[in-house]
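Reader: I have a model open on my screen and would like to learn how to read it. Could you walk me through it?

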Amino acid sequence: MTESEAKQAAAIITGLANSARVRMTQIMLTGEIHVGCLSNRVGLSQSATSQHLKMSRGWE
């Protein structure tokens, strides 16, 4: 594993250290979903959901 790959893996692990992000990830694995629908399913405001989604941008 390269240093870059290790950093990416660490970012994913850190991101999944929050239960809301774990639930959001599980829901998003089933297909595309609007932020409003996602926030309703996990019980967070749209603003909080958007903040959590920002964490996942570096996972690509």
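Author: Gladly! Let's settle one word before we begin: contact means heavy atoms within 4.5 Å. Keep in mind too that this is a predicted model.

Reader: Thanks. With that word in hand, what covers the buried residues of helix 4?

Author: The cover includes helix 2 and helix 3. The buried residues themselves are Thr 49, His 52 and Leu 53, in a helix that runs over residues 46-55.

Reader: Where on helix 4 do its buried residues lie?

Author: The general idea comes from helix geometry. An α-helix has 3.6 residues a turn, so residues three or four places apart point the same way. Here, looking down the axis of helix 4, the buried residues fall within an arc of 105 degrees, so they line one face of the helix.

Reader: Let me try helix 2 next. Which of its residues are buried?

Author: Ala 20, Arg 21, Met 24 and Ile 27 are buried in helix 2. They take up an arc of only 120 degrees around the axis, which puts them on the same side of helix 2. Helix 1, helix 3 and helix 4 are included in what covers them.

Reader: How should I describe two helices that pack together?

Author: Two packed helices are described by the angle between their axes and the distance between the axes. For helix 2 and helix 4, the angle is about 80 degrees and the axes are 10 Å apart. Angles of 65 to 115 degrees count as roughly perpendicular, and helix 2 and helix 4 are therefore roughly perpendicular to each other.

Reader: Which residues make the contact of helix 2 with helix 4?

Author: Helix 2 brings Ala 20, Arg 21, Met 24 and Met 28, while helix 4 brings Thr 49, His 52, Leu 53 and Met 55. By character, the residues of this contact divide into five nonpolar, two polar and one charged.

Reader: And the nonpolar core, which residues make up the largest one?

Author: Start with the general idea: in soluble globular proteins, nonpolar side chains tend to be buried together. In this model, the largest nonpolar core has five residues: Met 24, Ile 27, Leu 38, Val 42 and Leu 53. Helix 2 (19-28) and helix 3 (35-42) each supply at least two of them.

Reader: What does Leu 38 touch, leaving out residues up to four places away in sequence?

Author: Leu 38 touches Met 24, Ile 27, Met 28, Ile 33, Thr 49 and Leu 53. Val 42, which lies in helix 3, is in contact with Arg 23, Met 24, Ile 27 and Thr 49, again leaving aside neighbours within four places.

Reader: Is Val 42 buried or exposed? And how about Ile 13: buried or exposed?

Author: The cut-offs help here: buried means under 20% relative accessible area, and exposed means over 50%. Val 42 has a relative accessible area of 6%, so Val 42 is buried. Ile 13, placed in helix 1 (residues 3-15), has a relative accessible area of 61%, so Ile 13 is exposed.

Reader: Could we step back to the whole protein?

Author: Of course. The secondary structure comes to four helices and zero strands. The C-alpha trace spans about 40 × 20 × 15 Å along its principal axes. Of the 60 residues, 22% count as buried.

Conventions
Residues are numbered from 1 along each chain as its sequence is written. This is a predicted model: local features need pLDDT of at least 70, side-chain atom pairs count only at pLDDT 80 or more; totals for chains, interfaces and linings use all residues. Side-chain values use heavy atoms; hydrogens and water are left out. A nonpolar core is a set of buried Ala, Val, Leu, Ile, Met, Phe, Trp, Tyr and Cys residues joined through side-chain atoms within 4.5 Å. Buried means under 20% relative accessible area, exposed over 50%, partly exposed in between (1.4 Å probe, protein chains only). Helices (H or I, at least four residues) and strands (E, at least two) are DSSP runs, numbered from the N terminus. The arc is that of the directions from the helix axis to the C-beta atoms. Axes are lines fitted to C-alpha atoms, for helices over the stretch in contact, and angles run from 0 to 180 degrees between N-to-C directions. Angles under 35 degrees count as roughly parallel, over 145 as roughly antiparallel, 65 to 115 as roughly perpendicular and the rest as oblique. Ala, Val, Leu, Ile, Met, Phe, Trp, Tyr, Cys and Pro count as nonpolar, Asp, Glu, Lys and Arg as charged, and the others, Gly among them, as polar.
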